[in-house]
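Student: I have a structure open at my desk and would like to go through a few residues with you. Could we take them one at a time?

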Amino acid sequence: MPLMDRKFLTGTIEKAASDEYDGTFALSTEDKDADGDVILADGWDITRFKSNPIALWQHNHDKPIGTWHNIRVEGKQ
């Protein structure tokens, strides 16, 4: 689909369903993935991702749905 045919929306979480939820997502952890692989957080280099933190629909590079903010590594997440 040509870029000019796409519709872009912006949004902000104003109020979560729960008072405990702050809108923070863990994009990755050291848990085993579907193939049984584990990637240790000590090896992550998110410098390049932080320069263009695009959120994709189902990992599809043709379907960007937003951007991530305050990207960081905390512990093993």
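Student: Leaving aside neighbours within four places in sequence, which residues is Glu 30 in contact with?
Tutor: Happy to help, and do keep in mind that this is a predicted model. Glu 30 lies in the segment before α1, which spans 47-51. With neighbours within four places in sequence set aside, the contacts of Glu 30 are Val 38, Ile 39, Leu 40, Ala 41, Asp 42 and Lys 76.

Student: Is Glu 30 buried or exposed?
Tutor: The cut-off for buried is under 20% relative accessible area. Glu 30 has 18%, so Glu 30 is buried.

Student: Which backbone nitrogen does the side chain of Glu 30 reach?
Tutor: Ala 41 is one of the contacts of Glu 30. At 2.7 Å, the side chain of Glu 30 reaches the backbone nitrogen of Ala 41.

Student: What separates the C-alpha atoms of Ile 46 and Val 73?
Tutor: Ile 46 also has its place in the segment before α1. Not counting residues up to four places away in sequence, Ile 46 touches Ile 71, Arg 72 and Val 73. Ile 46 and Val 73 are 27 residues apart along the chain, and their C-alpha atoms are separated by 8.5 Å.

Student: Why does Leu 27 count as partly exposed?
Tutor: Leu 27 lies in the segment before α1 and helps make a nonpolar surface patch of about 390 Å² with Tyr 21, Phe 25 and Phe 49. Partly exposed covers the range between under 20% and over 50%. Leu 27 counts as partly exposed because its relative accessibility is 49%.

Notes: Residues are numbered from 1 along each chain as its sequence is written. This is a predicted model: local features need pLDDT of at least 70, side-chain atom pairs count only at pLDDT 80 or more; totals for chains, interfaces and linings use all residues. Side-chain values use heavy atoms; hydrogens and water are left out. Helices (H or I, at least four residues) and strands (E, at least two) are DSSP runs, numbered from the N terminus. Buried means under 20% relative accessible area, exposed over 50%, partly exposed in between (1.4 Å probe, protein chains only). A polar contact is a pair of N or O atoms within 3.5 Å; within protein, one must be able to donate a hydrogen and the other to accept it, and residues adjacent in sequence count only if both atoms are side-chain atoms. Contact means heavy atoms within 4.5 Å. Patches are made of residues with over 30% relative accessible area and no salt bridge: like charges are joined within 9 Å, nonpolar side chains (Val, Leu, Ile, Met, Phe, Trp, Tyr) within 5 Å. Accessible areas come from the Shrake-Rupley method with a 1.4 Å probe; for residues, only the protein chains shown count as cover. A salt bridge is a side-chain nitrogen of Lys or Arg within 4 Å of a carboxyl oxygen of Asp or Glu.
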